[in-house]
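Thanks for coming, everyone. Let me put the structure up on the screen, and then we can walk through it together.

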Amino acid sequence: MIKNDCLTGPLTPCLYQLDARTLVSIRMARSAQDPSRYRAIALAVLRDNHRVHLSSTVTAGYGSDRESALQACLGKVRETLDRRRFPQRARSARRPEASL
């Protein structure tokens, strides 16, 4: 889902499809200092139509070119999503047992 025009401009937002159920919104930025360094930060993750909250400090990826910064960021997003477990709550666990 990533497009070539996504990697143009000094500050560029783009969407990247991580897998069949996960869509990642990433902001690419370039430093103005020499040597030019690139940074990619995951802004939001949508997995199975549910937003997954991630810290931008945890998902920031840096590199000497845009592609390496993007791959570093996506690697951190994958690692964070794999580490995070979503608890399956039973319906009965949310309600107290009825008693008379």
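Let's start on the outward side of α2, where Glu79, Asp82 and Arg83 are exposed. Please keep in mind throughout that this is a predicted model. Turn the helix around and you find its buried residues: Arg66, Ala69, Leu70, Cys73, Leu74, Val77, Thr80 and Leu81. Seen down the helix axis, the buried residues of α2 fall within an arc of 130°, so they line one face of the helix. Some of you will have spotted the spacing already: an α-helix has 3.6 residues a turn, so residues three or four places apart point the same way.

What about the length of α2? With 18 residues at 1.5 Å a residue, α2 should span 26 Å, and its end C-alpha atoms are indeed 26 Å apart, so the two agree.

Now, what does that buried face look onto? The largest nonpolar core has 18 residues, and the members that touch the most others are Leu18, Val24, Ile26, Val45 and Val77. At least two residues of this core come from each of β1 (11-19), β2 (22-30), β3 (38-47) and α2 (66-83). Which of these gives the most? That is α2, with six residues.

Let me zoom in on Val77. Setting aside residues up to four places away in sequence, Val77 touches Leu18, Val24, Ala42, Val45, Leu54 and Thr59. 

Let's step back for the overall layout. The protein chain has three helices and five strands, and reading along the sequence you get the pattern β-β-β-β-α-β-α-α. Of its 100 residues, 31% count as buried. As for long-range contacts, take those with a separation of 6 or more: residues 24 or more positions apart account for 36% of them.

Back to that last name on the Val77 list, Thr59. You'll find Thr59 in helix α1, which covers residues 56-59. Is Thr59 buried or exposed? Thr59 counts as buried because its relative accessibility is 0%. Beyond its neighbours within four places in sequence, Thr59 is in contact with Ala40, Ile41, Ala42, Leu54, Cys73, Lys76 and Val77. There is a polar partner for its side chain too: a polar atom there lies 3.5 Å from the backbone nitrogen of Ala42.

Cys73 was on that contact list, and I expect somebody will ask about disulfides. How many does the structure hold? Zero. A disulfide is a covalent bond between the sulfur atoms of two cysteines. For Cys73, the closest cysteine sulfur is in Cys14, 8.9 Å away, and that is too far for a bond. Cys73 itself is buried, at 0% relative accessibility.

Next, the loop between β3 and β4, for those of you who like a Ramachandran plot. Asp48 lies in this loop, and its phi is near 50°, a positive value in a residue other than glycine. Asn49 is found in the loop between β3 and β4 as well, and despite not being a glycine, Asn49 has a positive phi of about 60°. How do they sit with respect to solvent? Asp48 is partly exposed, with a relative accessible area of 44%, while Asn49 is exposed, at 70%.

Just along the chain comes His50, in strand β4 (residues 50-52). With a relative accessibility of 56%, His50 counts as exposed. The side chain of His50 reaches back to the backbone oxygen of Asp48, at 2.9 Å. Look across to Thr22 as well: His50 and Thr22 are 28 residues apart in sequence, and their C-alpha atoms are 9.4 Å apart in space.

One last stop, in the loop between β2 and β3, where we find Arg37. Its relative accessibility is 41%, so Arg37 counts as partly exposed. Which residues does Arg37 touch, leaving aside its neighbours within four places in sequence? Arg37 is in contact with Ala29, Arg30, Ser31, Tyr62, Gly63 and Ser64. Take Gly63 from that list: Arg37 and Gly63 are 26 residues apart along the chain, and 6.0 Å separates their C-alpha atoms.

So, to come back to where we began: α2 has its buried residues lining one face, and the helix gives six residues to the largest nonpolar core. Thanks for listening, and I'm happy to rotate the model to anything you'd like to see again.

Definitions and conventions:
Residues numbered from 1 in each chain as written. Predicted model: local features only at pLDDT ≥ 70, side-chain atom pairs only at ≥ 80, totals over all residues. Heavy atoms only, no water. Helix = DSSP H or I, 4+ residues; strand = E, 2+ residues; numbered from the N terminus. Buried < 20%, exposed > 50% of the residue type's maximum accessible area, 1.4 Å probe, protein only. Polar contact = N/O pair within 3.5 Å; in protein donor to acceptor, adjacent residues only side chain to side chain. Contact = heavy atoms within 4.5 Å. Core = buried A, V, L, I, M, F, W, Y, C linked by side-chain atoms within 4.5 Å. Disulfide = S-S within 2.5 Å. Expected span 1.5 Å × (residues − 1). Arc of directions from axis to C-beta.
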